[in-house]
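Welcome! Here is a short, friendly briefing to read alongside the structure.

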Amino acid sequence: SQASFEEDDQKPPAVGHWEALMPSKGSTEEPEPGCEEAGGVDETQATQQLNVSRLRSSSVEIREKGSEFLKEELHKAQKELKLKDKECERLSKVREQLEQELEELTASLFEEAHKMVREANTKQAASEKQLREARGKIDMLQAEVTALKTLVITSTPSSPNRELHPQLQSPSKAVFRKGHGRNKSTSSAMVSAASQNVAPEPATHEHKEVDSILFAEFQAWKESPTLDKSCPFLARIYQEDIGPCLDFTKQELSELVRVAVEQNTLTIEPVASQTLPVVKVSAEECGGPKKCALSGLPRTCKHRIMLGDSGNYYYISPSCRARITAVCNFFTYIRYIQQGLVRQDVELMYWEVMRLRREMSLAKLGFYPSEM
């Protein structure tokens, strides 16, 4: 071992008597026998010393190689340690980034959840409000249907019940109600429902014959009832009856009246109902009790109309009122057919439509009941 080698180095070298092994030049003396034995011992010691020096040199070489190997291993270990430190640092950064992203994701999820809850609460409140409004409308519609059924039993367009239609009563018999006496266009005529299956009473000595073209157009419309005036059935009636009947001298006001009748927003009331304030506009525009706003002629006006909720009233003569009422009766009847409230034979409905068309034609020509 290295320790033993160091101890051998510290031992003093063996001191012996060295004599010449070979005789010097010029010497002729032969060695003595004792001297030969002493020379063999010295040779053995020299061999041992040579072995010791070789061992010393090999131990030095081993120490140097071991030192170099250890240095290399240390350097390699240091490099691996640096790499591991870098890897640990990188993993730490990745962990911090993941934790930050996780926190942000959690916060966004909570925020989105709160937002969804708020939206759900808002929608629920809106739905509940719509439900309450819908229930109110249903109750109102049920009340209207009940009233219509009661009214249909006792009144038809051919024979209206004047007690249920105060607008058809004469001025002397009309009872003016306190407040805003509204008379919607739909209240001017009521059709028969399931309990009313009687055809309109024909005039005395009157003969009727179905026109094949008009009846075919009505049948086609009856299959899919609509208020679209582009269909052949309504297009003909608009051209032949509704258009001429609502064609007054004041063209601009006539157009407004036609639109209000189509949209069912026209109100007719007697002139005596003066409880609500009248919006002041020019006398030429609204007419007056002695001047018709539609014809522009001086006439005694017993009624006035309001278009929608505008608040403007227009005084109309009995002739103009008869024309407007005739058109309103026609629209009321076809609306009831469209809604399925009229349960009659197709031919009976056709003749009722023809009777309403005749009323529009007569009103256009100036014929109207005296109670108008």
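At 64% relative accessibility, Leu365 counts as exposed, because the cut-off for that label is over 50%. Keep in mind that this is a predicted model. From Leu365, the tour goes on to a surface patch, a small set of strands and two cysteines.

**The surface patch**
- Leu365 belongs to helix α8, which covers residues 346-365.
- Together with Leu362 and Phe367, Leu365 makes a nonpolar surface patch of about 330 Å².

**The sheet**
- Three strands build an open sheet, in the order β1-β2-β3, with antiparallel pairing.
- The edges are taken by β1 (266-270) and β3 (313-316); each has a single partner strand, so one side of each has no neighbour in the sheet.
- From one strand to the next, the twist averages 30 degrees.
- Strand β2 (residues 303-307) pairs with β3 in the antiparallel sense, over four bridges.
- His303 has Ile316, in β3, as its bridge partner.

**The cysteines**
- How many disulfides does a search of the whole structure find? The search finds zero.
- A disulfide is a covalent bond between the sulfur atoms of two cysteines.
- Why is Cys245 without such a bond? The closest cysteine sulfur, in Cys328, is 9.6 Å from the sulfur of Cys245, which is too far because a disulfide needs the sulfur atoms within 2.5 Å.
- Cys328 is likewise in no disulfide, as its nearest cysteine sulfur is that of Cys245.
- Are these cysteines buried or exposed? Cys245 is buried, with a relative accessible area of 0%, and Cys328 is buried too, at 1%.

Notes: Residues numbered from 1 in each chain as written. Predicted model: local features only at pLDDT ≥ 70, side-chain atom pairs only at ≥ 80, totals over all residues. Heavy atoms only, no water. Patch = residues over 30% accessible without salt bridge, like charges linked within 9 Å, V, L, I, M, F, W, Y side chains within 5 Å. Areas by Shrake-Rupley, 256 points an atom, 1.4 Å probe, with all protein chains shown as cover. Salt bridge = Lys/Arg side-chain N within 4 Å of Asp/Glu carboxyl O. Helix = DSSP H or I, 4+ residues; strand = E, 2+ residues; numbered from the N terminus. Buried < 20%, exposed > 50% of the residue type's maximum accessible area, 1.4 Å probe, protein only. Pairing = 2+ DSSP bridges. Axes fitted to C-alpha atoms, helices over the stretch in contact; angles between N-to-C directions.
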